[in-house]
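Me: I'm new to this one and would love a friendly walk through it. Could you show it to me before I start asking?

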Amino acid sequence: MTKARRMMQENIKLIDLIIELVDARVPLSSRNPDIDELGKNKARLILLNKADLAEDRRNDEWMEYFKKQGYSVVKVNSKKGGGIKSIQSVIQEACKEKMERDRKRGILNRPVRAMVVGIPNVGKSTFINALAGKACAKTGNKPGVTKGKQWIRLNKNVELLDTPGILWPKFEDQTVGLRLAFIGSIKDEILQTEELASELVKFLNQSYPGVLEEKYTIESSEDNYEVLRRIAESRHCLVRGSELDVEKAAAILLDDFRNGRLGRLTLELPEEN
Ligand code: G4P
């Protein structure tokens, strides 16, 4: 068993609620289904993070999709703080049954303990910082306090483990791998920049026709590489003064997509799953 998995198992024992971050542009590809097994019997909250980069009507569809499966769901923009305010009340709601059980057993005012999990680059640290802010008091690991985990006290009802659990992406499936590469979650490992960008062109032409033409003021083409060449032309990407630098155009396209400069785009839809 990997170290990450072992640590996750240890930490899950300490908590009531798993706050799982997924990337709103690829809510399924950015999940690791192992968390369902690891976190069975725990309250579950899914955050559609980077919601600012995904189409809002799709965000709403994904929220419905996950709600139907019994998860609490919130769409958030951790970078700008969007959706963060509602989290604390959603946490209480998600842990209602547990709090009720505690109350019946005479345990009163025990804070809910939660941890954040997600694959790399999904925004875990950004989210924890946004949620905890500066004012939070850390508990544990202080002189005189039992040595152990660091907990961030969000309010009198909720404590958050300060280090997130890192889930490993599942990219044996080629489509999943491609989507994770598009969003920059697996750093251009599986394909060359040009190949990856040409796959992105293919996807965008199918799902968001017109976006590339408008962004780069180019004529449309059925040929993905021709689109990259046209972007290179339009952006004056040249090598040795005159040859088109398609590699550079490919990098520009990927960067523009990843940073939302092509608009809010969602790569996978609930109805496909
Ligand atoms: P991790 O802990 O899960 O590995 O992710 P981390 O918080 O480091 O975030 C990864 C990248 O995603 C960061 O960008 C972060 O700013 C960005 N990010 C996190 N949440 C959101 C969000 O809701 N919306 C948007 N648009 N971006 C988000 P970076 O490029 O690594 O750094 P920087 O550009 O912020 O300097």
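Here are some questions and answers on this predicted model.

Me: Which residues come nearest to the ligand?

Reply: Happy to start there. The ligand has 15 residues around it. Of these, the nearest are D52, S78, K124, S125 and T126.

Me: Which helix gives the largest share of the shell around the ligand?

Reply: Let's look at residues 124–132, which form one helix. This helix supplies 3 residues of the shell, the largest share. Its name is helix α6.

Me: How do the residues of that shell divide into nonpolar, polar and charged?

Reply: Here Asp, Glu, Lys and Arg count as charged, while Gly is among the polar ones. On that basis, the shell around the ligand has 4 charged residues and 4 nonpolar ones. The polar residues of the shell number 7.

Me: How far is an oxygen atom of the ligand from an N or O atom in the side chain of T126?

Reply: It helps to take three distances together. The side chain of N49 has an N or O atom 3.2 Å from a nitrogen atom of the ligand, and a backbone N or O atom of S78 lies 2.8 Å from a ligand oxygen atom. For the side chain of T126, an N or O atom is found at a distance from a ligand oxygen atom of 2.5 Å.

Me: How much of the ligand's accessible area does the protein cover?

Reply: On its own, the ligand has 710 Å² of accessible area. The share of this that the protein covers is 64%.

Me: Is K98 buried or exposed?

Reply: K98 sits in helix α5, residues 96–104. Beyond its neighbours within four places in sequence, K98 is in contact with D16 and R110. Its relative accessibility is 11%, and the cut-off for buried is under 20%. K98 therefore counts as buried.

Me: What kind of aromatic pair do W62 and Y65 form?

Reply: The structure holds 5 aromatic pairs. In the pair of W62 and Y65, the centres are 5.0 Å apart and the planes are at 75°. Planes over 60 degrees apart count as edge-to-face, so the pair formed by W62 and Y65 is edge-to-face.

Me: Why are W62 and Y65 separated by about one helical turn?

Reply: Both residues belong to helix α3, residues 56–68. They are separated by about one helical turn because their spacing in this helix is 3 residues.

Me: Which residues form one aromatic cluster?

Reply: Y65 also pairs edge-to-face with F66, at 5.1 Å centre to centre and 85° between the planes. W62 is buried at 0% relative accessibility, and F66 is buried with a relative accessible area of 0%. The cluster is made up of W62, Y65, F66 and Y71.

Conventions:
Residues numbered from 1 in each chain as written. Predicted model: local features only at pLDDT ≥ 70, side-chain atom pairs only at ≥ 80, totals over all residues. Heavy atoms only, no water. Near = heavy atom within 4 Å. Polar contact = N/O pair within 3.5 Å; in protein donor to acceptor, adjacent residues only side chain to side chain. Areas by Shrake-Rupley, 256 points an atom, 1.4 Å probe, with all protein chains shown as cover. Helix = DSSP H or I, 4+ residues; strand = E, 2+ residues; numbered from the N terminus. Buried < 20%, exposed > 50% of the residue type's maximum accessible area, 1.4 Å probe, protein only. Contact = heavy atoms within 4.5 Å. Phe/Tyr/Trp six-rings, centres within 6.5 Å; stacked < 30°, edge-to-face > 60°.
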